[in-house]
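Dear colleague,

I am handing over a structure for you to look at, and below it I have written out what was found. Please keep it open beside you while you read.

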Amino acid sequence: MQNLENCPGIKVGGYNVNNIRYADDTVLIAENKDDLQRLLNIVVEESRKKGLDLNSKKTEVMVISRKQKPPKCDIFINDAKLKQQDKFKYLGTIITSDGRNNNEIAARIAHESSPNK
């Protein structure tokens, strides 16, 4: 992951952010498809050097966009095309391709008002 330090990502509070890690969960972040593929290629190559393989069946891609339908993003691990998702749960939070939190807010409201709480 140290080899990602100088790679492009997105600016957050003046800092370049191209990955988020927690335990064995990693999110790679880029502004465009080419930068994302470059980040992933580095992770795949560095993992291989350590004897690790990324599982393309457990690795997914999501584009966050304000467009009605998010653009296609064909990203590959070796020759395997990764599945593109419209939403997924990361560390207990629902993340959607429209960049909104409506689903997450609704889920938390439902949880807070449940009788088992």
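**What was found**

UniProt, in an unreviewed entry, places the feature "domain: Reverse transcriptase" at residues 1-95. Please bear in mind that this is a predicted model. Over residues 1-95 the chain is 18% helix and 31% strand, and the C-alpha atoms at the two ends are 23 Å apart.

Helix 1 has 17 residues and reaches 24 Å from its first C-alpha to its last, close to the 24 Å expected at 1.5 Å a residue. At its N-terminal end, helix 1 is capped by Asn-32, which has a side-chain oxygen 3.2 Å from the backbone nitrogen of Asp-34, while just after the helix Gly-51 takes a positive phi of about 85°. The buried residues of helix 1, among them Leu-36, Leu-40 and Val-44, pack against strand 4, strand 5 and strand 6.

The largest nonpolar core has 9 residues, including Val-61, Cys-73 and Leu-82, and its largest share, 3 residues, comes from helix 1. Within that core, Cys-73 touches Lys-33, Val-61, Val-63 and Gln-84, leaving aside residues up to four places away in sequence.

Is Ser-65, in the loop between strand 5 and strand 6, buried or exposed? Ser-65 counts as buried because its relative accessibility is 13%, which is under the 20% cut-off. The side chain of Ser-65 reaches the backbone nitrogen of Lys-67 at 3.1 Å, and, again not counting residues up to four places away in sequence, Ser-65 touches Pro-70, Pro-71, Ser-97 and Asp-98.

With best wishes

How values were computed: Residues are numbered from 1 along each chain as its sequence is written. This is a predicted model: local features need pLDDT of at least 70, side-chain atom pairs count only at pLDDT 80 or more; totals for chains, interfaces and linings use all residues. Side-chain values use heavy atoms; hydrogens and water are left out. A nonpolar core is a set of buried Ala, Val, Leu, Ile, Met, Phe, Trp, Tyr and Cys residues joined through side-chain atoms within 4.5 Å. Buried means under 20% relative accessible area, exposed over 50%, partly exposed in between (1.4 Å probe, protein chains only). Helices (H or I, at least four residues) and strands (E, at least two) are DSSP runs, numbered from the N terminus. Contact means heavy atoms within 4.5 Å. A polar contact is a pair of N or O atoms within 3.5 Å; within protein, one must be able to donate a hydrogen and the other to accept it, and residues adjacent in sequence count only if both atoms are side-chain atoms. UniProt positions are given in the numbering used here, feature names are shortened, and annotations may be inferred rather than shown by experiment. The expected span of a helix is 1.5 Å times one less than its number of residues.
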